[in-house]
Amino acid sequence: MVKRQASAGREAAKFDGRLHGREDRPTHVVGIDLGGTKILAGIADHQGTILAAINEPTRHGPGAPVLAQLADIVHRLAVDVGIPLDRIAHVQVGVPSAVSPTTGIASLSPNLALPEDQPPASLISSSLPLPVTVENDVNLAAFAEASRGAGKDKGSLAFISFGTGVGMGLVVGGEIVRGEHGRAGEIALLPFGADVHARAPMAENGLFEDEVGTPGIRKRFQLGEMTVAELFEKAMSGEREALAAVDTIARDASVGVAAVFSLFDPAVAVIGGGIGSHPLFFESLKRHLQPLLPFPCPLEPSCFGPRAGMVGAVMLALRHAELAASP
């Protein structure tokens, strides 16, 4: 079941746990952040309070076993809070893909193999008799920050995630900006570095992501068996080479953030993701960003950290439940 987001001017009724006056009414929503390595899912009441959560590795293999995994997670969350499945009003799933606002088909998903000829929401709904919508995961993180986080009460927000991948979500006037094909915010593809015309056809995940995402960092700095997290630990302990590497990563990342401010002019940019949430990276990013543009560029760390995508999924599920409950 694929729905388009409500327009900015439409008022949604408050979801108070009732649906058309029924006593056996839906009372909860589920938000799921589906990543290439793990899934974080939560079930919440009508006020958005998360009552139970599940965090487990993503299943990979032929036939997209993750789709059945998602349905199983929803069943388990219902059991965890002691409700029948039909008390769930809506399930919102975030995926690391561009999701078309018109067809619901997911594309540009190098870290998670999803069918590119069928909407994932329809595939999930086939084994889960509940309303399901699918959205880009970073869009959901942006929605969380705009609703209850660093961008609350601000007219516009960009959420930029630096981690295994690099992505961005945009929210204006409380609404997610998706673009014509669902590709708004695909900052991983930003042309970056020298001789971009020659390098772009050979990019693995986009020129910008290849420089500042985890796989690119590992390759650039020849980490071998060392993880990026361990590189940051060495930097925090004062090791000179590690400090220089983190500073270089933040310097390169600042170019992409400057592009966001120059093109989008958000009230604030929230920085998240496994790399973006690190205080050393964040402070270096702010320092390198400042001289790039002739105006202030407000940056804030994510209020929700690794839970941002899941929190945003819960908040958007509540929005869909409100719309469904309105007369």
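## A first look at two sheets and their helices

Let's start at a turn: strands E9 and E10 form a hairpin with 2 residues between the strands, and in it Gly 173 takes a positive phi near 60 degrees. Keep in mind that this is a predicted model. The two strands of that hairpin run antiparallel and are joined by 2 bridges. Look for Val 171, whose bridge partner in E10 is Ile 176.

Now step back to E9's other neighbour. E8 and E9 make a hairpin too, with 3 residues between them. Their pairing is antiparallel and spans 7 bridges, with E9 covering residues 166-172. Two of the bridge partners are easy to pick out: Ile 160 goes with Met 168 in E9, and Phe 159 goes with Gly 169 in E9. As for E9, 6 of its 7 residues are buried, so the strand is largely enclosed by the rest of the structure.

These strands belong to an open sheet of 5 strands, in the order E10-E9-E8-E11-E12, with mixed pairing. E10 (175-176) and E12 are the edge strands, each with a single partner, so one side of each has no neighbour in the sheet.

There is another open sheet to find, also of 5 strands and also mixed, ordered E3-E2-E1-E4-E7. Here E3 (50-57) and E7 (132-136) stand at the edges; each has a single partner strand, so one side of each is left without a neighbour in the sheet. Direction ignored, neighbouring strands of this sheet are turned by 15 degrees against each other on average. E4 (residues 88-95) pairs with E7 in the parallel sense over 5 bridges, and the bridge partner of Val 95 in E7 is Asn 136.

Which helices go with which strands? Here are four of them, with the strands they touch or lie across.

| Helix | Strands | Angle between directions |
|---|---|---|
| H3 (residues 137-148) | touches E1, E4 and E7 | about 90 degrees with E7 |
| H11 (residues 308-325) | touches E1, E2, E3, E4 and E7 | about 140 degrees with E1 |
| H8 | lies across E8, E9, E11 and E12 | about 160 degrees to E8 |
| H10 | touches E8, E11 and E12 | about 175 degrees with E12 |

H10 deserves a closer look. Which residues of helix H10 (residues 279-289) are buried? They are Phe 281, Phe 282, Ser 284, Leu 285, His 288 and Leu 289. Viewed down the helix axis, the buried residues of H10 fall within an arc of 170 degrees, so they line one face of the helix. What covers them includes strands E8 (156-162), E11 (268-272) and E12 (299-301), along with helices H7 (228-236), H8 (240-264) and H9 (273-276).

That brings us to the interior. The largest nonpolar core has 37 residues, and those with the most contacts inside it are Phe 162, Val 257, Phe 261, Ile 271, Phe 281 and Leu 299. E8, E9, H5 (207-212), H7, H8, E11 and H10 each supply at least two residues of this core. H8 gives the most, with 10 residues. For a sense of the packing, try Ile 271: leaving aside neighbours within four places in sequence, its contacts include Ile 160, Phe 162, Phe 281, Phe 282, Leu 285 and Leu 299. A second, separate core of 32 residues includes Ile 54, Val 66, Val 99 and Val 134.

Conventions:
Residues are numbered from 1 along each chain as its sequence is written. This is a predicted model: local features need pLDDT of at least 70, side-chain atom pairs count only at pLDDT 80 or more; totals for chains, interfaces and linings use all residues. Side-chain values use heavy atoms; hydrogens and water are left out. Buried means under 20% relative accessible area, exposed over 50%, partly exposed in between (1.4 Å probe, protein chains only). Helices (H or I, at least four residues) and strands (E, at least two) are DSSP runs, numbered from the N terminus. The arc is that of the directions from the helix axis to the C-beta atoms. Contact means heavy atoms within 4.5 Å. Two strands pair if DSSP finds at least two bridges between them. Axes are lines fitted to C-alpha atoms, for helices over the stretch in contact, and angles run from 0 to 180 degrees between N-to-C directions. A nonpolar core is a set of buried Ala, Val, Leu, Ile, Met, Phe, Trp, Tyr and Cys residues joined through side-chain atoms within 4.5 Å.
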